[in-house]
2 protein chains.
Amino acid sequence: MSQETMLRSIRKQLHDGGYKLTPQREATVLVLLENEKDHLSAEEIYMLVKQKSSEIGLATVYRTLEMLTELKIVDKISFNDGVARYDLRKEGAKHFHHHLLCLECGSIEEIEEDLLVEVEKVVEKNFNFEVTDHRLTFHGVCGACRENKSK
Amino acid sequence: MSQETMLRSIRKQLHDGGYKLTPQREATVLVLLENEKDHLSAEEIYMLVKQKSSEIGLATVYRTLEMLTELKIVDKISFNDGVARYDLRKEGAKHFHHHLLCLECGSIEEIEEDLLVEVEKVVEKNFNFEVTDHRLTFHGVCGACRENKSK
DNA sequence: AAGACAGATTATAATGATTATAAATAAAGG
DNA sequence: CCTTTATTTATAATCATTATAATCTGTCTT
């Protein structure tokens, strides 16, 4: 889906939620669209928006991200490094994607495929818990780092 | 395993790692042992240690927890609420246990059973990623809350 | 167009969690 | 004992995030 289409869809979602797409909010969403692969922190998003010549305050970025999280347009994740990171939820994705965190180089890869369908069935049945979402991160060593080490 | 035994084992692990079990460190570990079911934050641990009449500084709690994390005696988790929480790693447990976070009441349940054995095999094979550990939290509604709501 | 209102934004201050620093204390080794 | 080193403490500093109050924007009303 093109960024144009995404943006239109997001504008609609904001409206339905009773918010409007102000220039600052639009700039924030655009930065998220342009950096889909990264896992940006609020501070990083703030910097990137300012670089695009759009004026914005840090507090606005936080408020916008909170709103987008509430609308389930973005997902908020914390790894164990003390900053929250934000990620566009893929259109139509019913589940939160998984992450592969390399302990050597710190890179974060994504897994789109939902690996937890069966596991969630087990949880619902055995633990009497209604699952609505999940956070799954694997810690380990990525292919590139293993290759470097073996040399 | 009894707390005595646990404590002895932990003392040994500290020694092997080149640290000693000072009174403050012992008090911290004891609080963790006595509250295995909870997911305590540094601040909470600090309070609990002081209640046991043991004098300690907050910074020492942080340093001790960092050390215990490094030695893999405790695990550090962040949910999305801005505080880090610490959990004793069960003796012999090779994997990090899973969590069930209830979005209604905020309660955190634990799952000891490793539900990811198969999933990790898939990850190693399909994504060329060597998995050493994982973090898995399910978000949803616990049995108690569902019961309350249906009334 | 002027006034009034709600919603947004901004700069700034405040808070909360965590980490760094420097001085004091305790422990270990000779 | 004396010296050296590790540890703790109190405090200050830092970093991420949230609250506040003033200002601004746009829209509606007349």
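Visitor: What makes the approach of Gly57(A) to a phosphate oxygen of DNA strand C a polar contact?

Guide: In this predicted model, a backbone N or O atom of Gly57(A) is 2.9 Å from a phosphate oxygen of DNA strand C. The cut-off for a pair of N or O atoms is 3.5 Å, so this pair counts as a polar contact.

Visitor: Which side chains make polar contacts with DNA strand C?

Guide: Thr60(A) is one of them: a polar atom of its side chain sits 2.8 Å from a phosphate oxygen of the strand. Another is Gln24(A), with a side-chain N or O atom 3.0 Å from a sugar or linking oxygen. Both values are within 3.5 Å, so both pairs qualify.

Visitor: How do you know that Tyr62(B) is near DNA strand C?

Guide: Tyr62(B) is listed among the closest of the 17 residues that surround the strand. Being near takes a heavy atom within 4 Å, so Tyr62(B) meets that condition. Sugar and phosphate make up 80% of the strand's atoms that come within 4 Å of the protein.

Visitor: Why are five residues of the surface near DNA strand C called charged?

Guide: Asp, Glu, Lys and Arg count as charged, and five residues of this surface fall in that class, beside seven nonpolar and five polar ones. Arg63(A), one of the closest residues to the strand, is an Arg and therefore belongs to the charged class.

Visitor: Which element gives the most to that surface?

Guide: That is α4(B), with three residues. Helices α2 (23-34) and α4 (58-70) of chain A also supply at least two residues each.

Definitions and conventions
Residues are numbered from 1 along each chain as its sequence is written. Chains are lettered from A and ligands numbered from 1 in the order in which they are written. This is a predicted model: local features need pLDDT of at least 70, side-chain atom pairs count only at pLDDT 80 or more; totals for chains, interfaces and linings use all residues. Side-chain values use heavy atoms; hydrogens and water are left out. A polar contact is a pair of N or O atoms within 3.5 Å; within protein, one must be able to donate a hydrogen and the other to accept it, and residues adjacent in sequence count only if both atoms are side-chain atoms. Helices (H or I, at least four residues) and strands (E, at least two) are DSSP runs, numbered from the N terminus.
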